[in-house]
Structures are given as structure tokens and as C-alpha cells.
Amino acid sequence: MKTTRRSVPLAVLLAFALAGPALLQAQTAPSRWRQLGPELVGPGNVLALAFDPGRPDRVFAGLDGGGVARSGDGGRTWRAFGEGLVTAQVTSVVVHPAASGRVYAISSEFFLHRSDNDGRTWSPLPLTEAHTVVPERRDPQGVWATARGGLYRSQDGGDSWQRLQANLPAVYGAGALAVSPVDPRRLYLGVTGASGFGFWVSEDGGRSWTRRSRSVPSLLYADVQDARTVYFVRNHQVQRSRDAGRTWQPFFGDASSQGGAVLGLAQDPREPTVFFVLSSAYGLFRTTDAGRHWVEANAGLPAQHDLKSLAVADAGTLLTGGRFEEGHFRVYRSDDAGETWEPSARGLVSTAVSAVTATRTGALFTAVYFDGLLRSLDQGATWTRSLDVGFTFVQAFALDPVDAATVYAGTTFSFGEDPHFLWKTTDGGDSWQPLPYPTAFEGGQIVALDVDDIAVDPADPSTVFLATVLNNAGRSSSAGLFRSRDGGQTWEKVGLPNPYFDVKTHPAAPGMVLALSPFGVFRSADHGDTWTAVLARGAAEPLFSTLALAPSDPAVAYALRTDGMLFRSLDAGATWASLGKRLPASLGRRALVVDPRDPATIVFQGDAGPVRLTLGAGRAGRTLLGRGLIGRDVTVLSFDPDDPLRLLAGIGGAGLMEYRFQP
């Protein structure tokens with residue numbers, strides 16, 4: 001079949017692959033990412049909450065997988081940001097009380113970041129393994145931080161740091177830290193290390209220190225009224241000292257208590273005798289008499305909850321976040337000190353996406369890990385559940401090239417009494433029918449096979465191909481490539497090595513099928529009747545992981561190995577040549593696609609976000625598409641089949657995002 005090809009000579013491609021780093025320097029594209037949701041779905045969590053002391057309606061949330069979300073209405077609605085964050089998971093958020101718009105965030109990997117524009121963009125700061133950050137209340141450039149290396153102070157907002165030694169141990173680490181809001185010269189510090197560990201106090205701004213206890217606190221809190229009053233959290237107890245740590249009295253919990261750990265302590269700035277304690281086992285507690293009596297403050301919250309964060313605004317608004325009885329994360333808001341609560345999570349997304357596709361009917365399908373298949377008919381504005389697949393997840397879609405309302409979805413193996421791992425809709429997702437799966441037996445037992453990819457023959461839509469692997473990642477003679485000639489009702493195994501990750505057909509190449517196994521690429525020119533090995537892995541070479549076709553040119557195909565080595569075919573998969581080792585070795589199997597407008601351009605997940613890479617003489621270019629992306633864990637990339645300017649990205653914790661290319 002004769003086709004029009006916009007490919008370039010192999011010699012030019014190889015020359016580009018060997019070019020110096022300057023040629024590969026990434027340019028940053030304008031920010032065009034937009035989060036599409038879905039909201040209130042997924043097993044993530046709200047790990048941190050922080051109000052802006054100068055603007056009581058401005059609040060920030062650190063998300064488990066979704067960057068930092070910001071609210072301008074006291075937590076009722078949210079918008080997430082993540083540009084510049086090294087990691088999506090944020091465990092601590094702190095707003096600088098003396099610098100408007102300045103926010104600090106610490107990630108689960110203990111990276112410290114700063115935003116100077118209310119969380120829209122972030123910059124990493126030169127302090128490694130950070131644990132706690134405490135801004136100075138009166139100095140917009142002053143900030144304290146603890147890290148594995150000790151206690152640090154910055155006088156330029158965090159651009160540089162000085163380690164405090166004074167009379168602290170020669171080698172020490174630091175964890176919990178509190179600075180009195182009444183007297184900034186009073187510092188309370190938890191010291192870790194082989195010697196000198198315990199609770200230390202400074203009364204002169206860190207120039208000298210006194211150890212008051214050998215117990216190491218997990219959290220310290222300085223009273224908003226009395227500079228000499230400090231609260232010491234350890235395990236499930238809170239103790240209070242009114243003399244800067246010389247003597248202690250019980251404040252919350254009991255020495256004999258077997259309750260969960262105390263995760264948070266907050267004081268109402270308007271009513272200093274009102275405190276809230278967040279317990280990992282029992283939820284939220286409140287005292288209105290400075291700790292003499294405590295009551296549960298969980299009324300209005302779901303019965304089953306796993307709270308992780310707590311914050312109180314100067315205006316008295318109380319927020320708590322966590323995972324609730326339906327397994328989804330949320331934030332709840334109270335304006336009456338915890339007497340009643342209302343859900344407050346509009347705009348929060350913590351969805352871990354496993355697969356995504358846009359159909360020619362205009363529907364969006366997003367598969368969520370262990371949460372089923374969701375559909376949007378309004379470009380992501382709203383979502384509804386389209387398919388419940390139980391305790392498994394969809395990881396492959398295929399669109400019927402003739403009937404736009406027909407879609408196939410393949411999942412990991414379901415271990416239920418009536419397991420199904422292949423589904424089909426003929427009405428655009430209004431209803432789904434389970435298809436008989438290829439029966440595979442070993443030792444008299446059904447083998448747990450996962451569907452890794454699906455392809456429909458464009459010349460005969462009743463012919464469907466399945467690429468399957470063994471559920472436990474092992475090898476099995478039952479796994480491999482399957483074909484159905486009746487729309488998925490019956491199956492036959494194609495006699496090829498196993499297992500298989502990808503199977504592809506091309507609308508402009510009737511009869512051609514390419515299948516990728518860890519050991520190479522196989523090709524059929526007769527709808528899968530016969531096969532030829534066209535790209536083989538050497539005995540000591542890494543495995544293959546990804547196969548991608550160019551939508552605009554059936555002659556162009558790409559294959560990727562797990563070491564990042566990229567291969568390309570210019571003759572519909574008949575022959576292949578290496579283009580050089582240029583892509584991240586950690587690239588996910590579904591995080592590489594070919595630009596629908598240009599067969600010489602690919603988009604793949606790089607270390608700092610998706611990258612658009614063009615190969616060709618005079619056209620070579622590499623553009624980073626990371627600006628505005630929330631999270632770095634891109635699990636899947638997919639172009640809209642009807643809109644070549646629209647790129648969809650599924651994020652492992654930040655939901656579905658959309659990127660719009662310029663025409």
C-alpha cells in the first residue's frame with residue numbers, strides 16, 4: 001500500500017541521537033494544563049491544612065498525590081496547583097504570616113519548596129531532608145527549619161540557610177520545632193541523634209540552649225498567649241508546661257491509654273482556652289476550658305473516618321481532612337467549633353488514574369485505581385460512574401473504528417466468584433456487558449490473566465485482539481496474545497511467545513497488526529493469521545515495554561526498551577533501527593504517544609513532566625510540557641482521536657489533566 005510519508009533519513013536521526021546536550025536542551029512551553037477531575041474519588045488523603053493568618057478565607061491543603069490546593073472562601077471550594085513541586089505528595093504546608101503570598105511546603109521525600117504567589121508556582125529550596133518549617137511572625141524574610149542535619153535559620157526567605165550550633169550537640173538532627181508567637185526569642189526544639197537527644201529550649205533566639213527533657217517530641221506547639229507555655233506531643237499523649245519545659249502536667253490522653261497517635265494540636269486564636277486534638281484512632285476532640293475537660297468533636301462527620309489534618313483560622317473556621325467511610329478523601333468545615341460539620345471539598349482531586357480515552361461521541365472515560373470507570377459528557381465538568389469493576393481497575397481501552405458508541409475496556413483479573421476482565425459497551429457507556437474471557441487453565445485452576453492492551457481490526461471491527469500478562473507478573477504459557485472474530489464472544493490464542501504488553505492496529509493499514517512482548521515485536525500482515533518476529537531482544541539486553549503507532553502515518557512505529565532505548569520503524573513495522581538512548585528508563589508503559597499531526601514527534605513522560613520531542617533535520621526540538629502540571633506521576637498519555645491538539649494525561653493521584661497545543 002502506497003502512503004505519503006513525512007519521515008526523515010535514518011542517518012539524520014542517528015546524527016541527532018548522537019548530538020551534544022545543547023541540542024537536546026528542553027524549552028519550556030507556556031502553561032496550558034487544566035485539571036478535569038474527577039472530584040471526591042480515590043483513596044488519597046489531605047495530609048496538611050493551613051490558613052493564611054492575614055487572610056482568614058485563604059487556606060491551603062497538602063494532598064497525597066495532588067500537589068497543593070488553595071481555597072479563597074474558607075475551604076468551601078478549591079483549586080489545585082503543582083507546578084515546580086518535585087513531588088506531588090505534600091505532607092506539610094505553612095503560610096508566612098509576615099509575607100503576603102509566601103507559602104512553604106514539605107514533601108514526603110522531605111524536600112522543601114516555597115511559593116511567592118499564593119501557591120500557583122513553586123521553587124525548591126536548598127535544604128535537604130527537611131522536617132519542619134516555622135516562619136518568623138514579624139520578619140518577612142525570616143524562617144526557621146529543622147532537618148536531619150539540625151536546626152537552620154534563613155534571613156532571605158529560604159534561599160540560603162545557616163546551621164545553628166551554639167551549645168547544641170556537635171552532631172545532631174532536629175525534628176519538632178515551635179517558636180513562641182508572643183516572644184520570638186523563645187524556641188522549643190526536639191533533638192534527635194545518638195547524643196543530646198531530647199527536648200531543648202532557647203530563650204535568646206537560638207544563641208544558647210538548655211536541655212529540659214530526654215524525651216523526643218513528635219510535635220511541639222507554643223501557646224498563643226503565654227511565651228512560657230508549651231505543649232509537648234508524644235505518641236497518644238499531650239503534656240503542657242507553663243514554665244518553658246521545667247515541669248509538665250498532663251493535657252490530653254492518659255499514660256495507660258492505648259489510643260492512636262496524636263497527629264495534630266490547634267488552639268483557637270480568638271478563644272485561647274479552646275483547643276482541638278486530632279487522634280489517629282478516635283478522631284477529633286475539643287476542650288473549652290484549657291484541657292480540664294475534653295469532648296469528642298466528631299458530630300456531623302461520617303462514622304468511619306481516618307483524619308490526617310487539622311487547622312483553625314483566626315476567624316474561628318475549623319477544617320479537618322482525611323479519608324472517610326466510602327474510602328474517598330474529603331475536607332470538612334465547621335463554623336461552630338466542631339459542633340456541626342459540612343463537606344467542603346469542591347475542586348479537590350486525589351484520583352489515581354490507570355487509563356483514559358476520549359471517544360468520538362465526545363465522552364471522556366477515566367479509569368480510577370480500584371474505583372471503577374467514570375464518564376464525563378461535558379469535557380470533564382461533571383463525572384458519573386459508568387462501570388463498577390469491583391476490586392480491580394481498567395488499564396486498557398479500545399475504540400471501535402466504525403461504531404463510535406462501541407468501546408472495549410480491559411481490567412486486571414478479578415478474583416470474585418464470577419470474575420470478568422473484559423467489558424464492552426455499544427451505547428457510549430450507558431451500559432456495559434461483560435465478555436467471556438479467554439479461558440486459561442493450569443493445574444485445573446483458572447489462571448489470573450490481566451488485559452494489558454486491546455485493539456480492534458479496522459478492516460473488520462468484529463476482530464478484536466487482547467494482549468495479556470499473568471496477574472502476579474510471572475510467566476505462564478497461558479498468557480499471551482488472543483484473537484476474537486466475533487466481537488469478543490469467543491477467543492483463540494495466537495501461537496506466539498508470551499506474555500504481551502501491547503497490540504496495535506492502524507486504520508490506514510488494513511490487515512497489519514503489531515504486538516509487543518518483553519522479548520520483542522511481532523508483526524502480522526494478514527489480520528493475525530501469520531506472524532513474523534521483526535525486532536528481537538538480545539540475550540543480555542533489557543526487556544521491551546512500550547509500542548506506539550503514528551496516527552497520521554501507518555508506516556511509522558516506535559518501540560521502547562526498559563533502559564530508555566528508543567527504536568523506530570519507517571515501513572509499517574517490517575524493519576527497525578535504534579535512535580539512541582534518550583528517554584527516561586523509568587518511563588511507564590502507557591506514557592508514550594505519537595503526535596497525531598506529525599509522525600516524527602513523540603510525547604513521553606520525562607523526569608520533570610511530559611516532553612514533546614521532534615526528530616528530524618532542521619526540526620529537532622525538545623519541549624517540556626510540565627508547566628501547570630499537578631504531580632509528576634503521569635501514568636498514561638492519550639490524544640483525543642477527534643482533536644489532535646488535545647492531550648490527556650492521567651496522573652497517579654491528581655486525576656485527569658488536559659493540555660491544549662496551539663494550532
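Which residues point one way from S42, and which the other way? Val464, Leu466, Thr468 and Leu470 take one side, Phe465, Ala467 and Val469 take the other, and all are buried. Keep in mind that you're looking at a predicted model. Here's a quick tour, starting with the chain as a whole and then zooming in on a few strands.

**How confident is the prediction?**
- The protein chain has a mean pLDDT of 86, and 89% of its residues reach 70 or more.
- Watch out for residues 1-26, though: the pLDDT there is below 50. In the model, this stretch has 49 contacts beyond near neighbours in sequence.

**The chain as a whole**
- If you like strands, you're in luck: the protein chain has 59 strands and 1 helix.
- The chain has 663 residues, and 59% of them are buried.
- Take the contacts in the chain with a separation of 6 or more: 45% of them link residues 24 or more positions apart.
- The accessible surface adds up to about 25,700 Å², and carbon and sulfur atoms account for 50% of that.

**Strand S42 and its partners**
- Strand S42 covers residues 464-470, and 7 of its 7 residues are buried, so the rest of the structure largely encloses this strand.
- Strand S41 (residues 449-456) is joined to S42 by 7 bridges, and the two run antiparallel. To spot this pairing, look for Ala455, which stands opposite Phe465 in S42.
- Strand S43 (residues 481-484) also pairs with S42 in the antiparallel sense, over 4 bridges. Here, Leu466 has Phe482 in S43 as its bridge partner.
- Put the side-chain directions and the pairings together: Phe465 and Leu466 point opposite ways from S42, Phe465 sits across from Ala455, and Leu466 is bridged to Phe482.

**A four-stranded open sheet**
- As a reminder, strands of a sheet pair through backbone hydrogen bonds, either parallel or antiparallel.
- One open sheet has 4 strands in the order S31-S32-S33-S34, and the pairing is antiparallel.
- Why do S31 and S34 each have one side left without a neighbour in the sheet? Strand S31 (353-358) and strand S34 (384-387) stand at the edges and have a single partner strand each, so one side of each has no neighbour in the sheet.
- From one strand to the next, the twist averages 30°.
- Now look at the S31 end: 5 bridges join S31 to strand S32 (residues 364-368), and these two run antiparallel. One pair to find is Val356 with its bridge partner Thr366 in S32.

Note on methods. Residues numbered from 1 in each chain as written. Predicted model: local features only at pLDDT ≥ 70, side-chain atom pairs only at ≥ 80, totals over all residues. Heavy atoms only, no water. pLDDT = per-residue confidence, 0-100. Contact = heavy atoms within 4.5 Å. Buried < 20%, exposed > 50% of the residue type's maximum accessible area, 1.4 Å probe, protein only. Areas by Shrake-Rupley, 256 points an atom, 1.4 Å probe, with all protein chains shown as cover. Pairing = 2+ DSSP bridges. Axes fitted to C-alpha atoms, helices over the stretch in contact; angles between N-to-C directions.
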